[in-house]
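Reader: Could you walk me through this structure slowly? I am new to this and would like to ask about whatever catches my eye.

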Amino acid sequence: MSGLKKRIRWLPRPSDEDYKAALDYLVLAASDGEAIVRQLKRGAVREYKAKDIIRAASISLVADDVDDVRELAGVRAKIKARQRLSPILMIQGKIDDNVPLTIVDGYHRVVALYLIHEDTLVRGVLIRARAV
């Protein structure tokens, strides 16, 4: 187990900034982003393996640009400094629709944690698409 993996600390709930970032995305991607964010705020925080989130969301592990690299480095720096990470926000879709999972906030945290170790536990709120 990576020494860095042992150092990961979490906030008890996602921050207000995370919900705002999720809303910024959802007003473009969904018909009722505000209702979805309200559901995310009521959702329970649970733990999921980074590798399972990566697979379900079909995430590329290749940093596309300098900003991605900086974001990933920033997450690692927070972990090394023992700062608490905010749980991620996710919506479970339908496998039949080829969108089994959407990360609405926390993409860089998931990728950075996966790169530390694929079995790293990631805290997050998950709601079902059919409930939105």
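Author: Let us begin with a term: a residue is called buried if its relative accessible area is under 20%, and exposed if that area is over 50%. Please also keep in mind that this is a predicted model.

Reader: Okay, so is A22 buried or exposed?

Author: A22 has a relative accessible area of 0%, and because buried means under 20%, A22 counts as buried.

Reader: Where is A22, and which residues is it in contact with, leaving aside its neighbours within four places in sequence?

Author: A22 is placed in helix α2, which covers residues 16-29. Once the neighbours within four places in sequence are left aside, A22 is in contact with V37, L89, V104 and D105. In addition, A22 and I103 are 8.8 Å apart in space, C-alpha to C-alpha, although 81 residues apart in sequence.

Reader: You mentioned L89, so what is its bridge partner in β6?

Author: The partner of L89 in β6 is V125. This fits into the pairing of strand β4 (residues 88-92) with β6, where five bridges join two strands that run parallel.

Reader: And how does β2 run with β6, parallel or antiparallel?

Author: Strand β2 (residues 45-49) and strand β6 (residues 121-128) run antiparallel, and they are joined by five bridges. Within β6, V122 is the bridge partner of Y48.

Reader: Switching to helices, which residues of α4 are buried?

Author: In helix α4, which spans residues 50-57, the buried residues are A50, I53, I54 and A57. Seen down the axis of α4, these buried residues fall within an arc of 100 degrees, so they line one face of the helix.

Reader: What does that face pack against?

Author: The buried residues of α4 pack against the strands β2, β4, β5 and β6, and also against helix α6. After α4 comes S58, whose phi is positive, near 55 degrees.

Reader: What about R109, is it buried or exposed?

Author: R109, which is found in helix α6, is buried, since its relative accessible area is 11%. Its side chain makes a polar contact with the side chain of D105, at 2.6 Å. If residues up to four places away in sequence are not counted, R109 touches D18, V75, S86, P87 and I88.

Reader: Last topic: how many aromatic pairs are in the whole structure?

Author: A search of the whole structure finds zero aromatic pairs. There is, however, a charge to look at beside a ring, as K41 lies over the face of Y19, at 5.5 Å from the ring centre.

Conventions. Residues are numbered from 1 along each chain as its sequence is written. This is a predicted model: local features need pLDDT of at least 70, side-chain atom pairs count only at pLDDT 80 or more; totals for chains, interfaces and linings use all residues. Side-chain values use heavy atoms; hydrogens and water are left out. Buried means under 20% relative accessible area, exposed over 50%, partly exposed in between (1.4 Å probe, protein chains only). Contact means heavy atoms within 4.5 Å. Rings of Phe, Tyr and Trp (its six-membered ring) pair if their centres lie within 6.5 Å; planes under 30 degrees apart count as stacked, over 60 as edge-to-face and the rest as tilted. A charge sits over a ring if NZ of Lys or CZ of Arg is within 6 Å of the ring centre and within 35 degrees of the ring normal. Two strands pair if DSSP finds at least two bridges between them. The arc is that of the directions from the helix axis to the C-beta atoms. A polar contact is a pair of N or O atoms within 3.5 Å; within protein, one must be able to donate a hydrogen and the other to accept it, and residues adjacent in sequence count only if both atoms are side-chain atoms.
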